[in-house]
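Please read this report alongside the sequence and the model. It describes how strands pair into sheets and how helices pack against them.

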Amino acid sequence: TYKRVKRLTLRIKPDTSISLTLPILTPLSEGDSFVLSNMEWIMQKIEKIQKREIQRLGEDREWIMHLGERLPIVIKQADKVKIHIVDNTLEMNLRNPERVDIEATVLSWRRFTAFYVYQTILRRIFPRIARHIDNNYPNLKIRISKTRWGSYSPRTNSIMINADLIKLPIKCIEYVIMHELCHIKHLDHSENFYSLLGEVMPDYRDREKLIKKLTK
């Protein structure tokens with residue numbers, strides 16, 4: 001961009017694109033030389049931005065974690081929007097990929113997908129505990145939380161499961177859901193609570209250790 005400025009200026013934008021401002025009448029060749037002479041600084045800045053992106057997502061723009069597997073992200077331009085897993089790849093068919101916030105789109109897809117995955121698991125494992133809680137089938141809510149994997153609300157008879165849990169293997173998700181189901185009977189973490197958890201899920205300690213190992 002040409003502007004009424006005294007010197008050439010480089011900026012690295014949040015999307016890692018490069019902006020160069022030149023004084024009016026400055027030859028483009030001089031701009032090219034300026035960019036090349038600052039290439040090391042440019043790469044350092046881009047690397048810092050990408051690292052911040054990884055820390056925020058736990059992933060990056062090229063792959064995600066899903067049910068314990070690392071899936072590459074493939075973005076395609078298409079007339080119809082569709083996001084689905086094909087051949088162990090998260091395929092994102094988007095109308096205008098260059099204008100889409102990939103991070104926000106992945107989070108939205110994750111919450112939508114998590115609900116159906118968790119609901120399927122809940123229906124499958126509920127019979128194990130049904131008689132202990134008088135067949136009190138809970139409502140399922142999905143949230144993003146930085147402090148807990150799940151919680152139970154007796155007021156609404158609802159279990160909340162963190163959408164990010166879908167990054168972990170199925171056995172980890174089963175553990176968290178069963179943990180919250182046991183809170184329908186025992187709201188605390190008393191000896192009775194763990195006795196019930198051990199009865200309906202004998203290997204719960206191994207599953208608990210796996211979650212800690214994968215998330216430490």
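The text below covers two sheets in turn, and then the helix contacts.

This is a predicted model, in which local features need pLDDT of at least 70 and side-chain atom pairs count only at pLDDT 80 or more, while totals for chains, interfaces and linings use all residues. Residues are numbered from 1 along each chain as its sequence is written, and side-chain values use heavy atoms, with hydrogens and water left out.

**The sheet of strands 4, 5, 7 and 6**

Helices (H or I, at least four residues) and strands (E, at least two) are DSSP runs, numbered from the N terminus. Two strands pair if DSSP finds at least two bridges between them. Strands of a sheet pair through backbone hydrogen bonds, either parallel or antiparallel.

Four strands make an open sheet in the order 4-5-7-6, and the pairing is mixed. Strand 4 (63–66) and strand 6 (82–85) are the edge strands, each pairing on one side only. From one strand to the next the twist averages 25 degrees; angles here run from 0 to 180 degrees between N-to-C directions, and axes are lines fitted to C-alpha atoms, for helices over the stretch in contact.

Strand 4 and strand 5 run antiparallel and are joined by 4 bridges, with Trp-63 opposite Pro-72 in strand 5. These two strands form a hairpin with 2 residues between them, where Leu-67 takes a positive phi near 55 degrees. Strand 5 pairs with strand 7 in the parallel sense over 5 bridges, and Gln-77 has Leu-94 in strand 7 as its bridge partner. Strand 7 (residues 90–94) also pairs with strand 6, in the antiparallel sense, over 4 bridges. There, Leu-90 in strand 7 is the bridge partner of Ile-85.

A side-chain link also involves this sheet. The structure holds 6 salt bridges, a salt bridge being a side-chain nitrogen of Lys or Arg within 4 Å of a carboxyl oxygen of Asp or Glu. One of them joins Lys-76 and Glu-91, at 3.3 Å from N to O. Because Lys-76 lies in strand 5 and Glu-91 in strand 7, the pair ties together parts that are 15 residues apart in sequence.

**The sheet of strands 8, 10 and 9**

Another open sheet has 3 strands in the order 8-10-9, again with mixed pairing. Strand 8 (139–143) and strand 9 (150–153) stand at the edges with a single partner strand each, so one side of each has no neighbour in the sheet. The twist in this sheet averages 20 degrees from one strand to the next.

Strand 9 and strand 10 (residues 158–162) pair in the antiparallel sense over 4 bridges, and Tyr-152 stands opposite Ile-159 in strand 10. The hairpin that they form has 4 residues between the strands, and Asn-157 in the turn has a positive phi of about 50 degrees.

**Helix contacts**

Which strands does helix 3 touch in the sheet that includes strand 4? Helix 3 (residues 102–129) packs on that sheet against strand 4, strand 5 (69–77), strand 6 and strand 7, where contact means heavy atoms within 4.5 Å. In the sheet with strand 8, helix 3 touches strand 8 and strand 10. Helix 4 lies across strand 9 and strand 10. The angles are listed below.

| Helix | Strand | Angle |
|---|---|---|
| Helix 3 | Strand 4 | about 15 degrees |
| Helix 3 | Strand 8 | about 150 degrees |
| Helix 4 | Strand 10 | about 155 degrees |

Helix 3 and helix 4 (residues 170–182) have axes 10 Å apart and pack at an angle of about 55 degrees. The two helices are therefore oblique to each other; angles under 35 degrees count as roughly parallel, over 145 as roughly antiparallel, 65 to 115 as roughly perpendicular and the rest as oblique. Among the residues that meet are Tyr-118, Ile-121 and Arg-124 in helix 3, and Ile-170, Glu-174 and Met-178 in helix 4. The contact of helix 3 with helix 4 holds 12 nonpolar, no polar and 3 charged residues. In this count Ala, Val, Leu, Ile, Met, Phe, Trp, Tyr, Cys and Pro are nonpolar, Asp, Glu, Lys and Arg are charged, and the others, Gly among them, are polar.

Helix 4 also meets helix 5 (residues 191–200): their axes come within 10 Å and cross at roughly 135 degrees. That makes helix 4 oblique to helix 5. Tyr-175, Met-178, His-179 and Cys-182 of helix 4 make the contact with Phe-193, Leu-196, Leu-197 and Val-200 of helix 5. The residues of this contact divide into 7 nonpolar, 1 polar and no charged.
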